[in-house]
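Me: I am new to reading protein structures. Could you walk me through this one, feature by feature?

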Amino acid sequence: MGRNASNKKEPVVAGVGENRERQDCPSIDIIKAVAAEERPMDDSFRDHLNSCSACQREFRDLQAEPEWDKFYKRSSWGLYAVLFCIVCRVVFRSCHH
Ligand SMILES: [Zn+2]
């Protein structure tokens, strides 16, 4: 079998420094909820994000998904509009010819 076991899930082992840092972190569910704006961001959460790079990264990653998705959808609509304009112009020009 020439197959690599690369698609097998490896347990995530956090670095020692990061692990120690994350001792009083909010749970991932809370980070998710705040990132998805299902939960207001309170001061203690904000303070924690400012002092904890691991949570900050996680929060940004979680927050980036819907934002990027929104942006992507919006920009693809814009792209359709631009394409439509170009097609209209081409048709208009060829009609005028
Ligand atoms: Zn944290």
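Reply: Let's go from the overall fold to single residues, keeping in mind that this is a predicted model.

Me: Happy to start there. How confident is the predictor, going by the mean pLDDT of the protein chain?

Reply: pLDDT is the predictor's confidence in each residue, from 0 to 100. Here the protein chain has a mean pLDDT of 79, and 70% of its residues reach 70 or more. Be careful with residues 14–19, where pLDDT stays under 50. The model has three contacts beyond four places in sequence for that stretch.

Me: Noted! How many helices and strands does the protein chain have?

Reply: There are four helices and zero strands. Read from the N terminus, the order is α-α-α-α.

Me: Next, burial. What share of the 97 residues counts as buried?

Reply: A residue is buried if 20 or more other C-beta atoms lie within 10 Å of its own. In this protein chain, 6% of the 97 residues count as buried.

Me: Which residues make up the largest nonpolar core?

Reply: That core has six residues, namely I31, V34, A35, L49, C55 and F59. Both α2 (28–35) and α4 (53–96) supply at least two residues of this core, and the largest share, three residues, comes from α2. You can also follow the packing from F59: leaving aside neighbours within four places in sequence, F59 is in contact with I31, A35 and L49.

Me: Which residues of α2 are buried?

Reply: They are I31, V34 and A35. These three lie on the same side of α2, because they cover an arc of only 100° around the axis.

Me: And what happens just after α2?

Reply: A bit of background helps here. Most residues other than glycine have a negative phi. Just after α2, though, E37 takes a positive phi of about 60°, and E37 is not a glycine. E37 sits in the loop between α2 and α3 (43–51).

Me: Is E37 buried or exposed?

Reply: Count its surroundings: a residue is exposed if 12 or fewer other C-beta atoms lie within 10 Å. E37 has 10 such atoms, so E37 is exposed.

Me: Let me try the loop on the other side of α2. Where is S27?

Reply: S27 is in the loop between α1 (16–21) and α2. With 8 other C-beta atoms within 10 Å, S27 is exposed.

Me: How far apart are S27 and C55 in sequence and in space?

Reply: Sequence and space are two separate readings. S27 and C55 are 28 residues apart in sequence, and their C-alpha atoms are 9.6 Å apart in space.

Notes: Residues numbered from 1 in each chain as written. Predicted model: local features only at pLDDT ≥ 70, side-chain atom pairs only at ≥ 80, totals over all residues. Core = buried A, V, L, I, M, F, W, Y, C linked by C-beta atoms within 7 Å. Contact = placed C-beta atoms within 7 Å. Arc of directions from axis to C-beta.
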